[in-house]
Amino acid sequence: MNYEFSNRISSLQPSAIREILKATADPSIIPLAAGNPAPDAFPVEEVQSIAADILDTRPIDALQYGVSEGYTPLRNTVSKWMKQREDIGREFDDLIIVSGATQVMDLTTKVLCNEGDTVICEEPSFIGSLNCFRSYGCKLKGIPVEADGMNIDALEKALKETDNAKFIYTIPNFQNPSGATMSFEKRKRLYALAKQYGVMILEDNPYGDLRVEGDKIPTIKSMDNDGIVIYAGSFSKILSPGLRVAYCIAPKEVLAKMTVGKQAADVHTPCLNQMIVDEWFKKYDVEAHISKIQNIYRKKLNLMCECIDRELGDFVEYVKPQGGLFIWCRLPDSVDMLEFVKKAVDKKVAVVPGNAFLMNDTDSTQYIRLNFSTPSDEAIVKGIKALGEVAGEYK
């Protein structure tokens, strides 16, 4: 049979990251291409205890259908936490629990965009979000990312020239893949421009709690007195990505439509998983746990940077991030980036080619993304040494 696929899906290609990760199923491959939390960052015993107690004392609550907006106690817990911690949540806002933060990108696009509308994105940007926007037939307009975040002058030019821009997508903290953090001044300018041109902002903040250096910068959503910011938060990086529990804070009118969209997708996020997250907040010191994982990632980031400086030297250029999970490295102009990536795989090291994060992934770039959270310390040392050996072939 000849299968005919929809226009929305036929043009989409498999995630380059996921395809590369298939190679990491081989235990001999060093996974510098991943983005998983470090194994010692999981509160395994805490989750085991919580899950056992829930299934022993409230099994039907955990196994029954739930409401689409999310488990009410967890919604209240997260709302209070975000208000106290980030000053997020105005009278016009509400909160919904979703199945991973990528569902926020999906629901935002579903409720705001028609086919042919434009989403303004940082370039480079997270491939999962880009593919989500593409799947709805949206056009992508890339804005260059600088060391201190999105180029705001380029953003203003794009807003002036684009009639059907529906929202601006940004990862302001330790951006994936660049690792850049948007300055406070740029956050204020971005908000002002969005307000001026009547465009929403989708603020994706999965890495905000992974700061290991520098001072915390207020979120864009904390500036939102006009109901123009949709905020995506997640427990994937501080608790567990496998639980698939995240949340969205946005104006009530927008969230009402997102709830309808979620009902057509997965009805609700698994109740047991939501209950585990809620009990974790109530029984344990979440801030102490976040401090613990910051210490883990601070050590791993410093180790990788030391190895890069020693093994690769001036062969690559990079800006050390103040947190997050990734280092964005630029290869020399004389080096074929994709060839370098293939040679790395031959050396049993997986890295992500930078073109995967562009608006048009067929464009050329000299960048590769390295991850320091997933591999062990030993694997970081061994992996960067292998990349140094590949670099030596070009000297």
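Where does P177 sit: which loop should you select to find P177? Pick the stretch between β6 (165-170) and α9 (184-197), because that loop is the place of P177 as the elements are assigned here. Keep in mind as you click around that this is a predicted model.

**Stop 1: two cis peptides and a positive phi**

With P177 on screen, add N176: a cis peptide bond joins N176 and P177, with omega at about 20°. Now jump to E123 and P124, where you'll find another cis peptide bond, this one with omega of about 10°. P124 belongs to the loop between β3 (118-123) and α7 (127-135). While you're checking backbone geometry, select D87 as well. D87 isn't a glycine, yet it has a positive phi of about 55°. Look for D87 in the loop that runs between α5 (72-86) and β2. What makes such spots worth a click? Most residues other than glycine have a negative phi, and most peptide bonds are trans.

**Stop 2: the eight-stranded sheet**

From D87, carry on into β2 and colour the sheet it belongs to. Eight strands make up this open sheet, and reading across gives β2-β9-β8-β7-β6-β3-β4-β5. The pairing is mixed. Select 93-98 for β2 and 149-150 for β5: these are the edge strands, and each pairs on one side only. Zoom in on the β2 end next. Strand β9 (residues 246-251) runs antiparallel to β2, and six bridges join the two. For one pair to show as sticks, try D94 in β2 with A250, the bridge partner of D94 in β9.

**Stop 3: a helix crossing**

Now show helix α6 (residues 102-112) together with helix α10 (residues 252-263). Their axes come within 9 Å and cross at roughly 110°, so α6 and α10 count as roughly perpendicular to each other. To see the contact, put side chains on Q103, V104, L107, T108, K110 and V111 in α6, then on K257, M258, G261 and K262 in α10. Colour those by type and the contact divides into four nonpolar, three polar and three charged residues.

**Stop 4: the three-stranded sheet**

Hide the helices and select 326-330, 352-353 and 367-371. You're looking at β10 and β12, plus β13. Together they form an open sheet in the order β10-β13-β12, paired antiparallel. The edge strands are β10 and β12, each pairing on one side only. Between β12 and β13 there are two bridges; to find one, select P353 and its bridge partner in β13, I368. Then bring back helix α12 (residues 286-311), which packs on this sheet and touches β10 and β13. The direction of α12 makes about 15° with that of β10.

**Stop 5: the second largest pocket**

Finish by turning on a surface. Which residues should you centre on to find the second largest pocket? Select V145, E146, S178, W328 and Y367, which lie nearest its centre among the 21 residues of the lining. The second largest pocket holds about 380 Å³ of space. By type, its lining divides into 11 nonpolar, five polar and five charged residues. Now highlight β4 (139-146) and β10, each of which supplies at least two residues of the lining. The largest share comes from β4, with three residues. Leave β4 and β10 coloured and you have a strand from the eight-stranded sheet and one from the three-stranded sheet in the same view.

Notes:
Residues are numbered from 1 along each chain as its sequence is written. This is a predicted model: local features need pLDDT of at least 70, side-chain atom pairs count only at pLDDT 80 or more; totals for chains, interfaces and linings use all residues. Side-chain values use heavy atoms; hydrogens and water are left out. Two strands pair if DSSP finds at least two bridges between them. Helices (H or I, at least four residues) and strands (E, at least two) are DSSP runs, numbered from the N terminus. Contact means heavy atoms within 4.5 Å. Axes are lines fitted to C-alpha atoms, for helices over the stretch in contact, and angles run from 0 to 180 degrees between N-to-C directions. Angles under 35 degrees count as roughly parallel, over 145 as roughly antiparallel, 65 to 115 as roughly perpendicular and the rest as oblique. Ala, Val, Leu, Ile, Met, Phe, Trp, Tyr, Cys and Pro count as nonpolar, Asp, Glu, Lys and Arg as charged, and the others, Gly among them, as polar. On a 1 Å grid over the protein atoms alone, a cavity is a set of points where a 1.4 Å probe fits but cannot get out, and a pocket is an open set with protein on both sides within 12 Å along at least five of seven lines; lining residues have an atom within 4 Å of a point. Grid points are joined across faces, edges and corners, and a volume is the space filled by probe spheres set on the points.
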